[in-house]
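I opened my notebook and picked a few things to look up, one at a time. Come along and check each entry against the picture.

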Amino acid sequence: MPIPVPKAEKLMDLLSLKGKVVIVTGASGPRGMGIEAARGLAEMGADVAITYSSRKAGGEKNAADLHDTYGVKAKAYHCDISKIEQVEQLVQDVIADFGKIDAFIANAGRTSANGVLEESVSDWHEVINTDLNGVYHCAKVIGPHFKERGTGSFVITASMSGHIANYPQEQTSYNTAKAGCIHMARSLANEWRGFARVNSISPGYIDTGLSDFVDKKVQDIWMSMIPMGRNGEAKELKGAYVYLCSDASSYMTGTDLLIDGGYCAR
């Protein structure tokens, strides 16, 4: 059975997320992509379940702020997506607490600071286990729920680094994982074609604080390679997450959205 055309006609109705439940992994920071995605979803009426791995206080504060600011149901859950049993527990708990899951944003991830020659084997595995295998775990666990309900949207936070090799920093493990995420989205879109949509978002350099450790000279080189001449802010991505979780994108699957200030256009 093909995924049906939504009944709504007006754009705001198509974009509305009222009555929907969305999981966002990796949303414990104060200004990261995960919490901004959650804010956008809550603005449009969604109830949100957000996750944290190590920052419990941050996750719980963000959930409380989402509830207080937007009047939606919001709750924070501990989940290390590199461990499938924790993802299984997450999905079970969210269904128990919210009744269903309409969309899942696989956003949690980690960065890499070295190339293959300098990076330890354990560091390589940590990046791959979180950024690629962790997304697979999310898909593996949420897929049956979407199939049972006959509907769902799975959104992967990939990266422009899945399209290009960043310069001048070396980060082969991260680039490899994100390239895998982009193709996983395409492959899942075909695999799940009868019951769910799957897309990815590839941000460019986004000022979330995760790259603050990088030498300023290196960051200046980054900036010179961005046609828009600046880093993005996480709030500039939340419209894309809302779109992909909503009925406004009902005919969109297997697509990667590049939001990179034009970096990959060069």
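**Entry 1: a histidine in a helix**

I looked up His145 first and found it in helix α5 (helices are DSSP runs of H or I with at least four residues, strands are runs of E with at least two, and both are numbered from the N terminus). A note to self before going on: this is a predicted model, where local features need pLDDT of at least 70 and side-chain atom pairs count only at pLDDT 80 or more, while totals for chains, interfaces and linings use all residues. Residues are numbered from 1 along each chain as its sequence is written, and side-chain values use heavy atoms, with hydrogens and water left out.

Is His145 buried or exposed? His145 has a relative accessible area of 11%, so it is buried (buried means under 20% relative accessible area, exposed over 50%, and partly exposed in between, with a 1.4 Å probe and protein chains only). Setting aside neighbours within four places in sequence, I found His145 in contact with Ile95, Lys100 and Ile101 (contact means heavy atoms within 4.5 Å).

**Entry 2: α4 against α5**

Next I checked how α5 packs. Helix α4 (residues 84-98) and helix α5 (residues 121-149) have axes 9 Å apart, at an angle of about 35° (axes are lines fitted to C-alpha atoms, for helices over the stretch in contact, and angles run from 0 to 180 degrees between N-to-C directions). The crossing of α4 and α5 is right-handed (the near helix is turned clockwise from the far one by less than a right angle; anticlockwise would be left-handed).

I listed the residues that meet: Ile84, Val87, Glu88, Val91 and Ile95 from α4, and His137, Cys138, Lys140, Val141, Ile142 and His145 from α5. By class, this contact of α4 with α5 has 7 nonpolar, 2 polar and 2 charged residues (Ala, Val, Leu, Ile, Met, Phe, Trp, Tyr, Cys and Pro count as nonpolar, Asp, Glu, Lys and Arg as charged, and the others, Gly among them, as polar).

**Entry 3: the cysteines**

How many disulfides does a search of the whole structure find? I got 0 (a disulfide is a pair of cysteine sulfur atoms within 2.5 Å). For Cys138, the closest cysteine sulfur is in Cys79, 6.4 Å away, which is too far for a bond. Cys245 is in no disulfide either, and the nearest cysteine sulfur, that of Cys138, is 13 Å away. Cys138 counts as buried at 0% relative accessibility, and Cys245 counts as buried at 5%.

**Entry 4: α2 and α8**

Cys245 led me to helix α8 (residues 238-245), whose axis comes within 8 Å of that of α2, crossing at roughly 55°. That angle makes α2 oblique to α8 (under 35 degrees counts as roughly parallel, over 145 as roughly antiparallel, 65 to 115 as roughly perpendicular, and the rest as oblique). I noted Glu36, Ala37, Gly40, Leu41 and Glu43 on the α2 side, and Lys238, Tyr241, Val242 and Cys245 on the α8 side.

**Entry 5: a loop with a cis bond**

Last, I visited the loop between β5 (153-157) and α6 (172-191), where Asn166 sits. Asn166 counts as buried, at 7% relative accessibility. Pro168 lies in the loop between β5 and α6 as well. The peptide bond from Tyr167 to Pro168 is cis, with omega near 5°. I underlined that one, because most peptide bonds are trans.
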